[in-house]
Amino acid sequence: MGKRDNRVAYMNPIAMARWRGPTQSVGPTIQDYLNRPRPTWEEVKKQLENKKTGSKALAEFEEKMNENWKKELEKSREKLLSGNESSSKKRERKRKKKKKSCRSSSSSSSDSSSSSSDSEDEEKKQGKKRKKKKNRSYKSSQSSTYESESESKESVKKKKKSKDETEKEKDIRSLSKKRKKSYPDDKPLSSESSSESDYEEDVQAKKKRRCEEREQAKEKVKKKKKKKQHKKRSKKKKKKSGSSHKSR
């Protein structure tokens with residue numbers, strides 16, 4: 001099988017542009033921009049002089065506006081000066097009134113201070129009595145809450161103990177029944193010693209079973225990992241052998 005010919009002919013862009021010919025220009029050219037009509041030096045001087053002098057109408061308008069502003073400023077100054085004088089007079093009147101009121105209040109305060117001291121003493125005494133009553137009620141409420149909490153805790157503990165005892169008795173009974181079924185000819189031992197020993201043996205047997213199950217699970221995981229590693233190594237060897245055959 002031969003290779004496909006993907007070669008492309010090279011075209012020189014400069015030769016292609018010459019073959020196409022000159023492009024048609026759209027809009028004004030550079031020559032048109034250079035040949036535009038321009039003012040003479042004398043005309044430029046006249047335009048500059050006119051800008052410096054400015055128009056007479058504008059100057060007259062500015063003068064009128066300045067005169068109006070001056071008049072308005074004078075009016076506003078007069079208003080402010082008159083307002084300041086009136087405000088100063090009002091302040092003086094207020095000060096005089098305050099002085100009179102202070103003198104009258106000082107005479108009345110001496111009479112009221114004696115009565116107010118007596119009323120304050122009575123209020124303090126009543127406040128102390130109220131605080132004592134509140135403290136007593138608060139202490140009584142706290143003691144009742146502590147008692148209720150302690151009773152509830154004791155009841156919970158008793159319930160837990162009773163549940164544990166009932167569960168132990170059930171386990172002992174079930175073990176004794178199993179023993180009787182498996183060994184009917186043996187003589188019955190004391191119920192308490194046999195039940196306790198059976199319970200301990202069952203607990204130990206359960207622990208051993210759990211340890212054995214954990215070890216078996218670990219061994220299974222290790223075997224799976226070894227199998228995966230062996231498969232990966234075999235795949236790598238196959239790839240290496242295939243590449244070597246191809247090179248030969």
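A surface patch is made of residues with over 30% relative accessible area and no salt bridge, and nonpolar side chains such as Leu, Ile and Tyr are joined within 5 Å. In this predicted model, Ile30, Tyr33 and Leu34 make a nonpolar surface patch of about 370 Å². The chain has five helices and zero strands. Buried residues are just 1% of its 248 residues.

**Overall layout**
- Read from the N terminus, the elements run α-α-α-α-α.
- The accessible surface of the chain comes to about 26,500 Å².
- Carbon and sulfur atoms account for 52% of that surface.

**Helix H1 and what follows**
- Helix H1 covers residues 13-20.
- Zero of its eight residues are buried, so H1 lies largely in the open.
- Gly21 follows H1.
- The phi of Gly21 is positive, near 95 degrees.

**Helix H2 and the nonpolar patch**
- Helix H2 takes in residues 30-34, and Leu34 lies in it.
- Leu34 is also one of the residues of the nonpolar patch, together with Ile30 and Tyr33.

**Helix H3**
- Helix H3 spans residues 41-53, which is 13 residues.
- What span should H3 have at 1.5 Å a residue? The expected span is 18 Å.
- The end C-alpha atoms of H3 are 19 Å apart, which agrees with that expectation.
- H3 is hardly covered, as the count of buried residues among its 13 residues is zero.

**Helix H4 and the negative patch**
- Helix H4 runs over residues 56-182, and Glu167 has its place there.
- Glu167 belongs to a negative surface patch.
- The other members of this patch are Asp164, Glu165, Glu169 and Asp171.

**The salt bridge**
- How many salt bridges does the structure hold? There is one.
- The side chains of Arg7 and Asp5 meet in a salt bridge, at 2.9 Å from N to O.
- Are the two partners buried or exposed? A residue counts as exposed when its relative accessible area is over 50%.
- Arg7 has 73% relative accessibility, so Arg7 counts as exposed.
- Asp5 has a relative accessible area of 51%, so Asp5 is exposed too.

Definitions and conventions:
Residues are numbered from 1 along each chain as its sequence is written. This is a predicted model: local features need pLDDT of at least 70, side-chain atom pairs count only at pLDDT 80 or more; totals for chains, interfaces and linings use all residues. Side-chain values use heavy atoms; hydrogens and water are left out. Patches are made of residues with over 30% relative accessible area and no salt bridge: like charges are joined within 9 Å, nonpolar side chains (Val, Leu, Ile, Met, Phe, Trp, Tyr) within 5 Å. Accessible areas come from the Shrake-Rupley method with a 1.4 Å probe; for residues, only the protein chains shown count as cover. A salt bridge is a side-chain nitrogen of Lys or Arg within 4 Å of a carboxyl oxygen of Asp or Glu. Lys and Arg count as positive and Asp and Glu as negative; His and the chain ends are not counted. The place of a charge is taken as NZ of Lys, CZ of Arg, CG of Asp or CD of Glu. Helices (H or I, at least four residues) and strands (E, at least two) are DSSP runs, numbered from the N terminus. Buried means under 20% relative accessible area, exposed over 50%, partly exposed in between (1.4 Å probe, protein chains only). The expected span of a helix is 1.5 Å times one less than its number of residues.
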